[in-house]
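Q: Please take a close look at one part of this model, namely the antiparallel strands and the turns that link them. I would value a connected account of the pairing, the backbone geometry and the core.

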Amino acid sequence: MEMQGSRALAITQQQAWDALNNPDVLKVCIPGCDKVEPTGDNQYAVGVAVKIGPVSAKFNGKITLSDINPPNSYTITFDGQGGAAGFGKGNSQVRLSPPEEGQGCVLSYSVH
């Protein structure tokens, strides 16, 4: 599955970058996430509850940040196990850029 999109943010690019590198903010930004705990440099243990149709699963895994280019972009890689529901793997490229007009910044992402 692939998704992509962008959103204008009413904060500076540096403020957005700082928020995206804060485990508490990452936890709120990931749907169904109940845990983001640092485990090393640019690595986090995560817990995510997912429901697709009648199937619910709790995935435990890790997030790794790579290709870090502050305050412009990074890649988030996810790898998790959901017991009988199987496993999940994916990555997302996250980019921050100045808006074409006005203040704030633009958050763009693509998820695979």
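A: In this predicted model, strand 3 and strand 4 form a hairpin with two residues between them. Gly53 sits in that turn and has a positive phi of about 60 degrees. The two strands run antiparallel, and 10 bridges join strand 3 to strand 4, which spans residues 55–69. Within this pairing, Lys51 has Ser56 in strand 4 as its bridge partner.

On its other side in sequence, strand 3 (residues 43–52) pairs with strand 2 (residues 33–40), again in the antiparallel sense, over six bridges. Pro38 stands opposite Tyr44 of strand 3. Strand 2 and strand 3 also form a hairpin with two residues between them, and Asn42 lies in the loop that separates these strands.

The backbone of this region deserves a separate comment. Most residues other than glycine have a negative phi, and most peptide bonds are trans. Asn42 has a phi near 60 degrees, a positive value in a residue other than glycine. Asn42 counts as partly exposed because its relative accessibility is 34%. A second residue of this kind is Asp67, whose phi is near 50 degrees and thus positive although the residue is not glycine. Asp67 lies in strand 4, whereas Asn42 lies in a loop. With a relative accessibility of 59%, above the 50% cut-off, Asp67 is therefore classed as exposed.

Further along, a cis peptide bond joins Pro70 and Pro71, with omega at about -15 degrees. Pro71 belongs to the loop between strand 4 and strand 5 (73–81).

The strands described above also contribute to the largest nonpolar core, which has 17 residues. Tyr74 and Leu96 touch the most other members of this core. The elements that give two or more residues to the core are helix 1 (13–20), strand 2, strand 3, strand 4, strand 5, strand 6 (87–97) and strand 7 (105–111). Both hairpins are thus represented, since strand 2, strand 3 and strand 4 are among these elements.

Tyr74 links this core back to the backbone features. Leaving aside residues up to four places away in sequence, Tyr74 touches Leu65, Ser66, Asp67 and Ile68, among others. One of these contacts, Asp67, is the strand 4 residue with the positive phi near 50 degrees. The contacts of Tyr74 also include Trp17, Leu20, Asn21 and Leu26, as well as Ser92, Gln93 and Val94.

How values were computed:
Residues are numbered from 1 along each chain as its sequence is written. This is a predicted model: local features need pLDDT of at least 70, side-chain atom pairs count only at pLDDT 80 or more; totals for chains, interfaces and linings use all residues. Side-chain values use heavy atoms; hydrogens and water are left out. Two strands pair if DSSP finds at least two bridges between them. Helices (H or I, at least four residues) and strands (E, at least two) are DSSP runs, numbered from the N terminus. Buried means under 20% relative accessible area, exposed over 50%, partly exposed in between (1.4 Å probe, protein chains only). A nonpolar core is a set of buried Ala, Val, Leu, Ile, Met, Phe, Trp, Tyr and Cys residues joined through side-chain atoms within 4.5 Å. Contact means heavy atoms within 4.5 Å.
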